[in-house]
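Visitor: I would like to take a close look at one part of this protein and then follow its surroundings. Could you walk me through it?

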Amino acid sequence: MKIIFDTDIGTDVDDLVALALLLNSPEIELAGVTCVYGDVLMRARMVLKLLRIRGRGDVPVTMGAAAPLLSDRPIYRGAHEGRRFLEAEDEALQPAAEFAANFIVRSVMDNPGRIHLLCIGPLTNAALAFRQEPRLAQNLAGLTIMGGAFQRSADVYTDYGEYNIVSDPEAAHIVFSSGAPITLIPLDVTTQVRITRDSSARIRQAGTPFHLAVADQIDTYSYFADRGWTHMHDPLAMAVLIRPELVSLSPLHVDVETGGRFAAGVTFMRSPDADWPENARVALDVDVEGFEDFLIDRLTR
């Protein structure tokens with residue numbers, strides 16, 4: 001399976017863990033990594049460094065959109081980005097010059113039906129690619145998105161909408177209206193899966209520079225440091241590409257609210273009918289133990 005991995009790596013450690021999971025999965029051919037939202041150069045350097053540690057300097061890495069399509073909301077800036085990972089000498093790491101949306105379009109159109117796009121950040125790069133090439137949706141092998149929420153649970157710690165969708169609601173609307181074969185992994189299932197201190201210690205025990213780098217980033221992440229665990233939102237989306245049986249998928253119609261002071265970025269989902277056709281398969285249940293065992297087995301290889 002050929003994958004383009006679109007990520008806002010750095011804001012939460014789960015992006016880096018998802019990339020590590022990709023790199024430790026022989027079923028996957030990583031066709032490229034595209035970075036989105038905020039400091040995309042820093043994000044690209046994080047990707048390039050992990051690839052270098054893993055001995056995968058062959059993977060192209062590109063920068064994409066730094067701001068939402070309308071540039072009408074502040075960029076969230078967390079405190080985790082690159083901490084205890086990027087060092088002064090890593091400023092020499094430079095991504096490819098090609099813009100991320102152009103890279104996505106070129107790669108997919110040159111390989112029709114063969115490339116799966118995995119989006120685990122705001123959907124700006126994907127939206128720009130769909131607007132650039134109307135035939136993109138029909139030429140993708142698939143599009144998996146981590147984002148949105150169906151039924152909110154009490155332990156969801158975000159605002160009314162899920163972070164990736166809220167960060168660029170207009171981009172999300174374009175993507176869900178594209179006609180692409182979408183699989184959506186929402187907060188309903190990702191907030192059920194975790195990584196713990198015991199799991200981080202097992203990764204560290206593998207002892208290679210790659211495993212130590214991954215474990216260090218998990219342990220450094222503030223939510224993990226405070227609680228001893230953190231949700232594995234993005235790794236679950238990645239794992240479903242290899243092990244689709246880990247989740248139960250339901251065909252639904254997904255809409256994204258683009259207006260309103262409080263509701264912008266909220267996802268609304270309903271059973272499809274003639275007026276509201278299916279536009280995504282949405283994960284509503286997850287095999288928690290099966291995923292967590294799969295994740296740690298792969299990350300400790």
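Visitor: Let's take helix H2: how many of its 14 residues are buried?

Guide: Happy to walk you through it; please keep in mind that this is a predicted model. Of the 14 residues of H2, 11 are buried, so the helix is largely enclosed by the rest of the structure. H2 runs over residues 40–53 and reaches 20 Å from its first C-alpha to its last, close to the 20 Å expected at 1.5 Å a residue. After the helix comes Gly 55, which has a positive phi, near 75 degrees.

Now for the residues themselves. The buried set in H2 is made up of Val 40, Met 42, Arg 43, Ala 44, Arg 45, Met 46, Val 47, Leu 48, Lys 49, Leu 50 and Leu 51. You will see charged residues among them: Arg 43, Arg 45 and Lys 49 are buried in H2. The cover over the buried residues of H2 includes strands E1 (2–7), E2 (29–35) and E3 (61–63), together with helices H1 (13–23) and H10 (209–220).

Lys 49 deserves a second look. Its charged end sits over the ring of Phe 85, 5.3 Å from the ring centre. Elsewhere in the model, Arg 197 has its charged end over the ring of Phe 224, 5.9 Å from the centre.

If you step back along the chain from H2, you enter the loop between E2 and H2, where Tyr 37 lies. A search of the whole structure finds two aromatic pairs. In the pair of Tyr 37 and Tyr 163, the ring centres are 6.3 Å apart and the planes are at 85 degrees, so the pair is edge-to-face. Tyr 163 belongs to helix H6 (residues 163–166), and the pair links distant parts of the chain, 126 residues apart. The two partners are covered to unlike degrees: Tyr 37 counts as buried at 2% relative accessibility, whereas Tyr 163 counts as partly exposed at 24%.

Strand E2, part of the cover of H2, spans 29–35. Cys 35 is buried, with a relative accessible area of 0%. The cysteine sulfur closest to that of Cys 35 is in Cys 119, and at 12 Å it is too far for a bond. Cys 119 is also buried, with a relative accessible area of 0%. A search of the whole structure finds zero disulfides.

From Cys 119 you can move to Leu 118, which has its place in strand E4 (residues 115–119). Leu 118 is buried, with a relative accessible area of 0%. Apart from neighbours within four places in sequence, Leu 118 is in contact with Ile 3, Ile 4, Phe 5, Asp 6, Thr 144, Ala 237, Met 238 and Leu 241. Strand E1, which helps to cover H2, spans 2–7, and Leu 118 touches Ile 3, Ile 4, Phe 5 and Asp 6. Leu 118 and Ala 237 are 119 residues apart along the chain, with their C-alpha atoms separated by 8.0 Å.

Ala 237 takes us to helix H12 (residues 233–242), where 10 of the 10 residues are buried. Among the buried residues of H12 are His 233, Asp 234, Leu 236 and Ala 237. Leu 236 is in contact with Ile 185, Val 189, Thr 190, Val 193, Val 247, Val 286 and Phe 291, leaving aside neighbours within four places in sequence.

Leu 236 also leads us into the core. The largest nonpolar core has 61 residues, and Phe 5, Leu 19, Leu 30, Leu 236 and Leu 295 have the most contacts inside it. Helix H1 gives the largest share of this core, nine residues. A second, separate core has 34 residues, including Ile 115, Phe 130, Ile 182 and Met 269. In soluble globular proteins, nonpolar side chains tend to be buried together.

One last stop is helix H7. This helix is mostly covered, with six of its eight residues buried. Its buried residues pack against helix H4 (124–132), strand E5 (142–146), H6, strand E6 (182–185), strand E9 (247–256) and strand E11 (280–286). Ala 172 lies in H7 (residues 169–176) and counts as buried, at 1% relative accessibility. Not counting residues up to four places away in sequence, Ala 172 touches Leu 123, Ile 165 and Val 256. The contact with Ile 165 brings us back to H6, the helix that holds Tyr 163, the partner of Tyr 37 in the loop between E2 and H2.

Definitions and conventions:
Residues numbered from 1 in each chain as written. Predicted model: local features only at pLDDT ≥ 70, side-chain atom pairs only at ≥ 80, totals over all residues. Heavy atoms only, no water. Helix = DSSP H or I, 4+ residues; strand = E, 2+ residues; numbered from the N terminus. Expected span 1.5 Å × (residues − 1). Buried < 20%, exposed > 50% of the residue type's maximum accessible area, 1.4 Å probe, protein only. Contact = heavy atoms within 4.5 Å. Core = buried A, V, L, I, M, F, W, Y, C linked by side-chain atoms within 4.5 Å. Phe/Tyr/Trp six-rings, centres within 6.5 Å; stacked < 30°, edge-to-face > 60°. Lys NZ or Arg CZ within 6 Å of the ring centre and 35° of its normal. Disulfide = S-S within 2.5 Å.
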